[in-house]
Each structure stands twice: as structure tokens, then as C-alpha cells.
Amino acid sequence: MNEVRMPGGGARRLIGRFEGPEMRVWEGALPEGGAARVLGFDTSDGALTDGYGLEEGLFAGRDVWSAWRFVRYDYDEEKYVDIVMYCGADGKVRYSEAGGAFTELAGATFTSPPSAVVYRLYGDDSVLMFSATDRMAVWNGVDEVRRVDDSPLMTSVALHYERMFATAAGEANAVYFSDDLDPTNWDASDLEAGGFIQLLDERGRLLKVVDFLNYVYVFREHGISRVTAYASQEDFSVANLYVAGGRIYEGSVCACGDVVMMLASDGLWSFDGYSASARLSSVRFRPSPSASALFSNGKYYLAACTESEDGSNDTLVVYDVRSGDYTLSRVALDRLCAVGDDVYGVTPEGRAGKVTACGALFGTPMDKLWESGTTDMDMPGRRKTVSSVALRTAGDVTLTVETEEGERSWNIRGGDAPVRVRTCVAGEVFRFRIRSSSPGARVGRLSYTVR
């Protein structure tokens with residue numbers, strides 16, 4: 001906060017850079033210019049710009065459970081074939097080749113939202129689909145779908161040294177693994193094929209497996225274990241590395257380059273293979289048992305709960321793992337899906353949209369908010385007046401100045417030149433609030449004169 005003394009005893013104070021929200025600090029203790037709440041605005045470059053929302057994408061007009069991309073090599077045509085796939089709310093899988101119409105894939109029906117991984121099986125690129133209530137289904141893009149009747153009911157998988165490792169539904173106390181070079185063979189009776197490793201200790205149920213730093217890491221309710229699995233299964237070993245202070249939410253666990261990000265009941269954490277460090281300590285998360293996360297283009301996308309009492313996902317967090325910049329958008333999403341490099345969010349109504357910095361939900365501008373903490377302007381107990389406020393804005397905004405005596409608001413039209421508003425609002429403690437539903441918003445350099 002910069003301050004310039006003015007004639008007549010007044011002072012002009014400048015908020016040169018808008019900051020992200022500090023939700024864990026009492027708003028009266030925030031530095032002047034600090035934010036108590038920010039929703040829908042991106043503050044990463046110091047201005048208030050459009051945050052993340054959803055655009056119509058590949059699945060317009062369709063009910064979606066989950067979606068993914070399958071790229072296979074066609075040996076006859078000697079080219080790669082790009083296939084977009086999704087599972088609808090009816091449990092049926094449909095696919096589209098090279099942007100064509102969607103076609104139902106016979107034999108691929110699920111009773112809960114499936115996940116998918118791509119694997120070169122027997123020389124052909126294949127997509128392996130699975131869910132917590134359905135056995136694995138395999139499709140090579142040409143032949144009929146094949147079900148793998150002896151596969152576990154998998155909740156997560158990791159491909160590691162040509163084996164597939166999986167956590168399973170139910171009691172969830174074992175890591176299952178497939179045959180070497182064949183993720184469709186789970187025969188545990190043959191030491192040359194599949195098997196399982198039981199983990200029974202205080203770290204609780206097994207939630208998710210992640211291939212990371214040449215190991216298989218097993219994320220559990222209250223800790224992390226590491227499986228070493230280089231050679232034959234007789235040589236597999238397990239080490240317990242970390243005991244979490246809170247409960248880990250399985251859908252939030254995601255490998256993000258050189259760390260694994262995870263949300264727990266005590267906050268967001270990054271894990272480097274040995275220890276965990278707190279991230280985004282400024283954001284207060286509520287219990288988020290349905291959290292969902294993805295990593296794309298250097299950013300960790302997280303659908304979680306920050307306000308709802310029922311724990312449903314009400315906030316989309318986009319966090320730059322390297323810089324630490326982040327945005328919060330009030331978007332309710334059941335899950336996030338990766339379709340190639342694009343991230344799609346699925347709403348509770350089954351509508352899937354591409355996540356972009358558009359500041360809108362399917363064309364409807366989102367309400368964006370920046371709200372400061374409270375400040376006495378370093379003059380406690382003294383009544384003073386904010387006589388004017390100036391700012392730059394490229395889009396229409398509503399400015400509110402609030403005190404313990406009430407509040408006043410002004411609608412400001414966007415433009416190229418700075419805008420000055422005569423406010424004349426008096427009180428002892430002040431708060432500033434900026435709202436906008438204007439697309440292309442860019443608000444910067446708010447200053448005000450206090451007497």
C-alpha cells in the first residue's frame with residue numbers, strides 16, 4: 001500500500017497490485033489491500049482478470065459421466081487415428097473418430113463412471129476401461145470389445161514397468177498387479193502372472209496408486225506407502241513413508257511433474273517422494289470426499305469444497321504448481337476429465353464443458369468478486385471519510401465502499417481511461433468490494449483519497 005499526502009490533510013492511498021484471498025487470517029489482520037474473498041477473478045498478474053469457467057466443447061448437448069481421448073496407430077492406413085470417447089449417464093460408451101459423429105461402442109456398458117488408460121497390447125494400441133463396479137473392458141479401435149472377467153473392480157490404476165497396478169473397491173487393503181506385459185492377465189494363482197500385496201496397518205484403506213519416480217506409491221486414507229517392483233514379483237517390497245495428519249481424499253491425488261498433489265482434511269499438500277509440504281495455506285478447504293483433480297500444462301486443476309456444508313464440490317481451483325499462482329471459481333463439478341491436453345469439467349447435471357479462462361459458464365458470464373479485508377487506515381478509533389476512489393477497468397464493474405455505518409455502491413463503465421468516483425463515505429473501519437459479470441474484465445490500480 002502506497003500513500004501520498006495531499007493538501008488539506010488528506011492522503012491518497014494506492015492498491016497497486018490485487019492479491020489472492022487469504023481465507024485463514026482474520027480479515028481485520030490482513031494488510032491493507034489484502035483480499036478476504038476472491039471468486040471468479042484471476043489475480044496472478046496483479047490485476048483482476050477473468051478466471052476459469054466452462055465453454056461448450058466436444059460434448060455439447062450430451063449427458064456425460066466421464067470422457068477421455070484414445071490415439072491409436074492404424075497399420076493399414078499408416079497413420080494415427082484420434083478418437084474422443086465418453087461414457088454417458090446411461091452407462092453406454094460412445095466414440096468419435098477425427099471429429100465425426102459419435103457412435104455407440106457395443107459391449108462397453110458401465111454402471112458407474114469409468115476411467116480409461118491407453119496401452120499397446122499385443123502390438124495394437126488399445127484403450128482399457130474400468131470402474132469400481134465393472135470389470136475391465138478392452139478395445140483396440142477395430143475389433144469387438146473384450147471383457148476381462150478376472151480383473152479386480154478397480155478404483156485406480158498405474159502402469160509401471162509394463163505391469164498394471166491397481167487399487168480395488170470393497171475392503172481395499174491390497175494392491176493388485178497384472179502379468180508382466182499383459183494388463184489383462186490378473187491370475188493370482190500363477191507366480192509368473194498376476195497377484196496382490198496386502199497392506200494392513202494404521203494408514204487405513206488404499207485409495208489410489210501412482211507411478212512416480214520409478215516406484216508405485218500407494219496413497220491411503222492416512223498415509224503413503226511405496227512399492228518397489230522392478231523385477232519378478234518375488235522381489236517386490238513395500239516401505240511405509242508418511243503418516244498424514246488428516247484424511248486424504250482419493251480423487252485429489254495427482255502426479256504433477258516432480259511432485260504429487262493431494263487434498264486432505266487438513267489442507268492441500270505436495271509430496272516429493274519422501275515428505276509432504278503444505279500448499280495453498282491461504283485457502284480454507286472444507287471436507288471434500290468427492291474431490292476430483294487433474295494435471296495439465298503445468299497446472300493442477302482441483303474440484304473441491306470450500307463453502308458447502310454437505311461437502312459437495314462447489315469450487316474449481318486452478319493452481320500453477322511452479323509459480324504458486326492460483327484462482328478460485330464458484331463452479332460445481334462432479335468430476336474433471338482429461339481429453340488429451342484439454343481439461344473438461346462435468347457438472348452435477350451431467351453437462352461437460354471445457355475448462356478455460358473465459359469467465360463464463362457455457363456462455364453466461366460468471367459473477368466475479370474481489371473483497372478486501374477491513375482496514376482502519378492506521379487511524380484506529382478515528383472517524384474519517386473516503387472522499388473519492390479511482391481505478392482502471394476494461395469491463396463494467398460495481399464498486400462498493402462499506403463501513404460500520406453502511407455501504408454505498410457505484411456502477412462503473414469500462415474504458416481506456418482511469419475512472420474517478422466521488423464517494424464521500426464516512427466511518428472508522430472500511431472495506432472495498434469489486435463485482436463484475438462483464439466478459440474481458442481487467443481491473444487495476446485502485447486508489448482512494450481519505451480525509
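Strands are DSSP runs of E with at least two residues, numbered from the N terminus, and two strands pair if DSSP finds at least two bridges between them. The model is predicted, so local features need pLDDT of at least 70 and side-chain atom pairs count only at pLDDT 80 or more, while totals for chains, interfaces and linings use all residues. Residues are numbered from 1 along each chain as its sequence is written, and side-chain values use heavy atoms, with hydrogens and water left out.

**Exercise 1. Describe how strand β24 is joined to β23 and to β25.**

Solution. Begin with strand β23 (residues 254-256), which pairs with β24 in the antiparallel sense over three bridges; in this pairing, A255 stands opposite V260. The hairpin of β23 and β24 has two residues between the strands, and G257 takes a positive phi near 75 degrees there. Next, go on to β25, which runs antiparallel to β24 and is joined to it by five bridges. One of the facing pairs here is L263 with its bridge partner L268 in β25, and the hairpin from β24 to β25 passes through two residues.

**Exercise 2. Decide whether the faces of β24 are covered or uncovered.**

Solution. First recall that in a regular strand the side chains alternate between the two faces of the sheet. Then apply the cut-offs for accessibility, where buried means under 20% relative accessible area, exposed means over 50%, and partly exposed lies in between (1.4 Å probe, protein chains only). On one side of β24, V259, M261 and L263 are buried, and on the other side V260, M262 and A264 are buried, so both faces are covered. Six of the six residues of β24 (residues 259-264) are buried, and the strand is therefore largely enclosed by the rest of the structure.

**Exercise 3. Classify the ring pair of Y217 and F271, and say which parts of the sequence the pair ties together.**

Solution. Rings of Phe, Tyr and Trp (its six-membered ring) pair if their centres lie within 6.5 Å, and planes under 30 degrees apart count as stacked, over 60 as edge-to-face and the rest as tilted. A search of the whole structure finds 22 aromatic pairs. For Y217 and F271 the centres are 5.6 Å apart and the planes stand at 75 degrees, so this pair is edge-to-face. Because Y217 lies in strand β20 (residues 215-220) and F271 in strand β25 (residues 267-271), the pair ties together parts that are 54 residues apart in sequence. Y217 is buried at a relative accessible area of 1%, and F271 is buried at 0%. Both rings belong to a cluster linked by ring pairs, whose members include Y161, F212 and Y215.

**Exercise 4. Classify the ring pair of F432 and Y448 in the same way.**

Solution. The centres of these two rings are 4.6 Å apart with 35 degrees between the planes, and the pair is tilted. F432 lies in strand β41 (residues 430-436) and Y448 in strand β42 (residues 442-450), so the pair ties together parts that are 16 residues apart in sequence. F432 counts as buried at 2% relative accessibility, and Y448 counts as buried at 1%.

**Exercise 5. Find which residue lies over the face of Y215, and which lies over the face of F362.**

Solution. A charge sits over a ring if NZ of Lys or CZ of Arg is within 6 Å of the ring centre and within 35 degrees of the ring normal. R226 lies over the face of Y215, at 4.4 Å from the ring centre, and R351 lies over the face of F362, at 3.8 Å from the ring centre.

Key. Helix = DSSP H or I, 4+ residues; strand = E, 2+ residues; numbered from the N terminus.
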